[in-house]
Amino acid sequence: MDFSGRVRNELARALPKRRCCQRAELAAFAAFAGEVVGDEFVISTGTAAVARKVFSLAKQAQGVAPTMNRPATRRGRFTVVLEAPIASGSDVYERDCCGRAYLRGAWLSRGSISEPEAGYHLEFVATKPELAAILQHLLVRYGVSAGMARRKSDDVVYIKGADGIAELLR
């Protein structure tokens, strides 16, 4: 397993205790990895640990157990199907603890980190400019300097340097 995968698995095991933080992290998953399919909301991920986390968060935050589908092939994607709508808006990540949970969910959804030996680089990929703006706002709140670049049709928010990455992962 690569470095990014090891970090992803470790962060996927961190379950927020507060209901507000559970909602914030679930809202990030919905914003960065979710889509409406018919009358259901589907969150898709390539990692079993992240799929289990989304399942647990939805069950705890919404009080309803979602449906989880395993991929048919080894390289397929896990999907978690939610019936209830996901709360969104700035009030979801307004509290300090919820902002951190939102960042964790966003990174677990569409983030990567390079091997430390290859240089310090962590990034979030946002499919919409407004999602990238939210990430930058939250990172500034926590004193983390981040840049933004356009890559194909996505906005990438990135952090270079050990100090900013360490602050974020804490």
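In the predicted model, Thr45 stands opposite Phe78 of strand E4. This pair belongs to the antiparallel pairing of E2 and E4, which extends over five bridges. Strand E2 covers residues 40-45, and strand E4 covers residues 78-82.

The two strands are part of an open sheet of four strands. The strand order is E1-E2-E4-E3, and the pairing is antiparallel. Strand E1 (34-37) and strand E3 (67-69) stand at the edges. Each has a single partner strand, so one side of each lacks a neighbour in the sheet. From one strand to the next, the twist averages 25°.

E1 and E2 run antiparallel and are joined by four bridges. Val37 stands opposite Glu40 of E2. Val36 has Phe41 of E2 as its bridge partner. The two strands form a hairpin, with two residues between them. Gly38 lies in the turn and has a positive phi of about 65°. Strand E2 is mostly covered, with five of its six residues buried. In a regular strand, side chains alternate between the two faces of the sheet.

Two helices pack on this sheet. Helix H2 (residues 19-33) touches E1 and E2. The direction of H2 makes about 85° with that of E2. Helix H3 touches E2, E3 and E4. The direction of H3 makes about 10° with that of E4. Strand E2 is thus touched by H2 and also by H3.

H2 and H3 also pack against each other. Their axes are 9 Å apart, at an angle of about 130°. The two helices are therefore oblique to each other. Their crossing is left-handed. On the H2 side, the contact involves Arg19, Gln22, Arg23, Glu25, Leu26 and Phe29. These residues meet Val50, Lys53, Val54, Leu57, Ala58, Gln60, Ala61 and Gln62 of H3. In an α-helix, residues three or four places apart point the same way, because there are 3.6 residues a turn.

Helix H1 (residues 3-12) is largely enclosed by the rest of the structure, because eight of its ten residues are buried. The buried residues are Phe3, Ser4, Gly5, Val7, Arg8, Asn9, Leu11 and Ala12. They pack against four elements: helix H3 (48-62), helix H4 (96-110), strand E5 (111-113) and helix H6 (162-169). Helix H3 therefore has a place in two settings, because it packs against buried residues of H1 and on the sheet.

The packing of H1 on H4 has its own geometry. The axes of H1 and H4 come within 10 Å and cross at roughly 140°. H1 and H4 are therefore oblique to each other. H1 passes H4 in a left-handed crossing. Ser4, Val7, Arg8, Leu11 and Ala12 of H1 make the contact with Arg104, Trp107 and Leu108 of H4.The cysteines were examined next. The structure holds zero disulfides. The sulfur of Cys21 has its closest cysteine sulfur in Cys97, at 3.3 Å, which is too far for a bond, because a disulfide needs the two sulfur atoms within 2.5 Å. Cys97 is accordingly in no disulfide. Cys21 is buried, with a relative accessible area of 6%. Cys97 counts as partly exposed, at 24% relative accessibility.

Cys20 lies in helix H2. Leaving aside neighbours within four places in sequence, Cys20 is in contact with Arg95, Cys97 and Cys98. Cys20 and Cys97 are 77 residues apart along the chain. Their C-alpha atoms are separated by 8.5 Å.

Conventions. Residues numbered from 1 in each chain as written. Predicted model: local features only at pLDDT ≥ 70, side-chain atom pairs only at ≥ 80, totals over all residues. Heavy atoms only, no water. Buried < 20%, exposed > 50% of the residue type's maximum accessible area, 1.4 Å probe, protein only. Contact = heavy atoms within 4.5 Å. Pairing = 2+ DSSP bridges. Axes fitted to C-alpha atoms, helices over the stretch in contact; angles between N-to-C directions. Parallel < 35°, antiparallel > 145°, perpendicular 65-115°, else oblique. Left-handed = near helix turned anticlockwise from the far one by under 90°.
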